[in-house]
Amino acid sequence: MIGPKVRNTLLGLLSVACLALTGAVAYTLVFSPKSVEAPIIGHFDLTDPAGTRVTEATYEGKYLLIYFGYTYCPDVCPTELAKLAAALDRLTETEPDKAGKVVPIFISVDPERDTPEVLREYGPLFHPRLVTLSGSADQLKEAASSYRVFYAKVIPEGGSVTPDDYLMDHSSQIYLMGTDARYLTHFPSGTSPEIIAKTLSERVS
Ligand code: NI
C-alpha cells in the first residue's frame, strides 16, 4: 500500500513531469528549427516576362523578398504584394543602400493564365522594381517545393463555366532570403509593412 502522503508526492511529481512534457512538446511544435528556421535553400529556375531565364544565382549578393501567388488572386496576393512594396519603400526612404540590395520577386504559380504579357503589367502595379517570374508546371513545382510552398488549383463547386474559371489555393508568406540564397526569415500573412521594413533593416547588411 502507498500512504496518502507518498501518493500525493507521486501525483505531484507526475503532474510536474506532465507539465514539463507538455511544455517540451509545445516548444517543439512552436519553436523547433524544423517548423520555423528551416534551412531552406531557395532554388528556382524560371523565366521573366522578357523571356530571360532567371535563377537564384542571377541575384547572387542580393537579398530576395519572395512571394508565391497568382495575379487573378482576389485579395490575399494583392494585399501581401502591397505590403511588400510599402516595406521596400519605407526602407528606401530611410536606408536606400540597404533597399538597393533587396530584390522583390513575385512567382506566379498559375502559368496558364499568368502569361508573360499579364505578368509584365502586373509587377509595376505594385512596385517598379518587382520582378515577376513564372515557368513550366515542372519548374514551378520544383521552386515551390524548394521553398516549401503549397499550391493547388481549385475548381468551383459544380465545375468550371469556362477553362479560366478557377482559383489557386496557395501558401501566403513572404520569404527573406540571404545573399547566398539561404533562408533568413519569413513574414506570415498579416505582418505589417513596418515590421517587414524593420526586419529588413536589421538583416540586410
Ligand atoms: Ni493569392
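These are my notebook entries on a predicted model of one protein chain with a nickel ion.

**Entry 1: the whole chain**

I started with the overall make-up. The chain has six helices and nine strands. Of its 205 residues, 40% are buried. I then looked up the accessible surface, which is about 11400 Å², with 61% of that belonging to carbon and sulfur atoms. For contacts with a separation of 6 or more, I found that 69% are between residues 24 or more positions apart.

**Entry 2: how far to trust it**

Next I checked the confidence. The average pLDDT of the chain is 86, and 81% of the residues score at least 70. Which stretch stays under 50? I found that it is residues 10-36, where the model has 11 contacts beyond four places in sequence. Coordinates in places with low pLDDT should not be read in detail. I left that stretch alone after this.

**Entry 3: the nickel ion**

Which protein atoms are the donors of the nickel ion? I got SG of Cys 73, SG of Cys 77 and NE2 of His 170, lying 2.0 to 2.3 Å from the ion. Along the chain, the donors follow the spacing C-x3-C-x92-H. I also looked up how covered the two cysteines are. Cys 73 has 8% relative accessibility, so it counts as buried. Cys 77 is buried too, at a relative accessible area of 0%.

**Entry 4: helix α5**

I picked helix α5, residues 137-146, and sorted its residues by burial. The buried ones are Leu 140, Ala 143, Ala 144 and Ser 146. Why do they line one face of the helix? Looking down the axis of α5, I see the buried residues fall within an arc of 160 degrees, so they sit along one face. On the face turned away from that buried side I found the exposed residues Ala 137, Asp 138, Lys 141 and Ser 145. The buried residues of α5 pack against four strands, β1 (45-47), β3 (63-69), β4 (102-108) and β6 (151-154).

**Entry 5: helix α6**

I did the same for helix α6, residues 193-203. Here Pro 193, Ile 196, Ala 197, Thr 199 and Leu 200 are buried. The arc for α6 is 165 degrees, so its buried residues line one face of the helix. Lys 198 and Glu 202 are exposed on the face turned away from the buried side. The cover over the buried residues of α6 includes β3, α2 (76-94), β8 (173-177) and β9 (183-188).

**Entry 6: aromatic pairs**

How many aromatic pairs are there in the whole structure? My search found five. One of them is Phe 68 with Tyr 147, a tilted pair at 5.4 Å centre to centre, with 55 degrees between the planes. Phe 68 is in strand β3 and Tyr 147 is in the loop between α5 and β6, so this pair ties together parts that are 79 residues apart in sequence. Both residues, Phe 68 and Tyr 147, are buried.

I then turned to Phe 106 and Tyr 122. Their ring centres are 5.4 Å apart and their planes are at 45 degrees, so I noted the pair as tilted. Phe 106 belongs to strand β4 and Tyr 122 to helix α4 (residues 116-126), and the two residues are 16 residues apart. I checked burial here as well, and Phe 106 and Tyr 122 are both buried. Going back to Phe 68 and Tyr 147, I saw that they form one aromatic cluster with Tyr 175 and Tyr 183.

**Entry 7: positive phi**

Most residues other than glycine have a negative phi. I made a note of two that go the other way. Arg 148, just after α5, has a positive phi of about 55 degrees. Arg 148 lies in the loop between α5 and β6. Ala 181 is not a glycine either, yet its phi is positive at about 70 degrees. I found Ala 181 in the loop between β8 and β9. Is Ala 181 buried or exposed? It is buried, with a relative accessible area of 9%.

**Entry 8: Thr 55**

My last look-up was Thr 55, which is in strand β2 (residues 53-55). Thr 55 is buried, at a relative accessible area of 14%. Leaving out residues up to four places away in sequence, Thr 55 touches Phe 44 and Asp 45. I also checked Leu 133, which is 78 residues from Thr 55 along the chain, and their C-alpha atoms are separated by 9.9 Å.

Conventions. Residues numbered from 1 in each chain as written. Predicted model: local features only at pLDDT ≥ 70, side-chain atom pairs only at ≥ 80, totals over all residues. Heavy atoms only, no water. Buried < 20%, exposed > 50% of the residue type's maximum accessible area, 1.4 Å probe, protein only. Arc of directions from axis to C-beta. Contact = heavy atoms within 4.5 Å. Donors = N, O, S within 2.8 Å, 3.2 Å for Na, K, Ca; no water. Areas by Shrake-Rupley, 256 points an atom, 1.4 Å probe, with all protein chains shown as cover. pLDDT = per-residue confidence, 0-100. Phe/Tyr/Trp six-rings, centres within 6.5 Å; stacked < 30°, edge-to-face > 60°.
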